[in-house]
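Visitor: I would like to learn how to read backbone angles, burial and pockets in a model. Please take one feature at a time.

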Amino acid sequence: MGRSPGEILETAATIAVVGASRDPEKDAGAVPLTMQRHGFRIIPINPYADELFGERVYRSLAEIPEHVDIVDVFRPSAEAAVVARQAVAIGAGAVWLQQDIVSDEARRVAEEAGVDYVEDLCIAVARALNRVDRRA
């Protein structure tokens, strides 16, 4: 069994957000901002933006030139397995599917690769419940 959500967050610093939104009213815009405010480095993945949250936007996980601790997924469940494969390919430490996103195949992909996996849980809620803060 993999690490708990709290354990994953305790050791994470960098979060790639697949499906990051330009709209701060959407969860995919508000949640990454919340995580950033608590000291996590956010790397947005979005095919239609150049900058989000004050960070360069990448079109895919494969373009990111640094290590990613968590791949946070704001895409439909049907796309989760593809994202999980991409996360494994870049050596990410964990795949995290946001609330209401569930995928047996994504779970299998992550578990077979030895990558921590969380599904159907908001990363910002888990951060608050576990009182994880990366700010110095």
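Visitor: Is Arg-131 buried or exposed?

Guide: In this predicted model, Arg-131 has a relative accessible area of 74%. The cut-off for exposed is over 50%, so Arg-131 counts as exposed. Arg-131 sits in the segment after helix 5.

Visitor: How should I read the sign of phi?

Guide: Most residues other than glycine have a negative phi. Arg-131 has a positive phi near 50°. Asp-120, also not a glycine, has a positive phi of about 55°. Asp-120 lies in the loop between strand 7 (116-118) and helix 5, and is partly exposed at 39% relative accessibility. Gly-39, just after helix 2, has a positive phi of about 95°.

Visitor: Which residues of helix 2 are buried?

Guide: In helix 2 (residues 27-37), the buried residues are Ala-28, Gly-29, Val-31, Pro-32 and Met-35. Their cover includes helix 1 (5-11) and helix 5 (123-129), along with strand 1 (14-18) and strand 2 (41-45).

Visitor: How is empty space found, and how much space lies in the largest pocket?

Guide: Rolling a probe the size of a water molecule over the atoms shows where empty space is left. Here the largest pocket holds about 270 Å³. It is lined by 15 residues, and those closest to its centre are Val-18, Gly-19, Ile-45, Pro-47 and Arg-75.

Visitor: Which element gives the largest share of that lining?

Guide: Helix 3 (residues 77-89) does, with four residues. By class, the lining has eight nonpolar, four polar and three charged residues.

How values were computed:
Residues numbered from 1 in each chain as written. Predicted model: local features only at pLDDT ≥ 70, side-chain atom pairs only at ≥ 80, totals over all residues. Heavy atoms only, no water. 1 Å grid on protein atoms, 1.4 Å probe; cavity = no way out; pocket = protein on both sides within 12 Å on 5 of 7 lines; lining within 4 Å. Points joined across faces, edges and corners; volume = space filled by probe spheres on them. Helix = DSSP H or I, 4+ residues; strand = E, 2+ residues; numbered from the N terminus. Nonpolar A, V, L, I, M, F, W, Y, C, P; charged D, E, K, R; others polar. Buried < 20%, exposed > 50% of the residue type's maximum accessible area, 1.4 Å probe, protein only. Contact = heavy atoms within 4.5 Å.
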